[in-house]
Amino acid sequence: GVANRAVLAALAAMEAHVETPLDGAALARAAGLGRRQLERLFRLHLGETMGARYRAIRLARARVLLRETSLGLPEIAAASGFVSAGHFSRAFRDRFGLPPGRYRRAAA
């Protein structure tokens, strides 16, 4: 539902860089705007910050990996751009209400 080209460009950059997340300045460059302007556009068009949307994209990728692969949690954490399995587990539990291991067992 978003038609803003800058926001779409930033979202495409986020999707393309899940394993090695880009910082806000790099996302702004990809969108052809300054960081503050892009942040304002995210709030206007998506109702959330760039960081919140990027985390949601990374966690969605992790959820797919949990369902569709036998990778261990450290590997899924790395493939989703998290610095540690602990950080990933906390973020996953906060977003989906279950720890990743329990989610995987429930999805099996």
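Here is a short walk through the fold, from the whole chain down to its opening helix.

What you see is a predicted model, so let us begin with the overall layout. The chain contains 7 helices and 0 strands, and reading along the sequence gives the pattern α-α-α-α-α-α-α. Measured out along its principal axes, the C-alpha trace spans about 40 × 25 × 20 Å.

How much of the chain is buried? Of its 108 residues, 35% fall in that class. The accessible surface comes to about 6,200 Å², and carbon and sulfur atoms account for 51% of that area. If you look at contacts between residues at least 6 apart in sequence, 55% of them join residues at least 24 apart. As for charge, the chain has 18 positive and 8 negative charges, and the mean positions of the two sets lie 4 Å apart.

Now zoom in on helix H1, which covers residues 5-16. Its 12 residues reach 16 Å from the first C-alpha to the last, close to the 16 Å expected at 1.5 Å a residue. Which residues of H1 are buried? They are Ala 6, Val 7, Ala 10, Leu 11, Ala 13 and Met 14. These residues cover an arc of only 160 degrees around the axis, and therefore sit on the same side of H1. The spacing follows a familiar rule: an α-helix has 3.6 residues a turn, so residues three or four places apart point the same way.

Follow that buried side outward and you meet its partners: the buried residues of H1 pack against helix H2 (24-31), helix H3 (35-46) and helix H4 (50-68). Turn to the face of H1 away from its buried side, and there you find the exposed residues Arg 5 and Ala 16.

Methods
Residues numbered from 1 in each chain as written. Predicted model: local features only at pLDDT ≥ 70, side-chain atom pairs only at ≥ 80, totals over all residues. Heavy atoms only, no water. Helix = DSSP H or I, 4+ residues; strand = E, 2+ residues; numbered from the N terminus. Buried < 20%, exposed > 50% of the residue type's maximum accessible area, 1.4 Å probe, protein only. Contact = heavy atoms within 4.5 Å. Areas by Shrake-Rupley, 256 points an atom, 1.4 Å probe, with all protein chains shown as cover. Lys, Arg positive; Asp, Glu negative; His and termini not counted. Charge placed at Lys NZ, Arg CZ, Asp CG, Glu CD. Expected span 1.5 Å × (residues − 1). Arc of directions from axis to C-beta.
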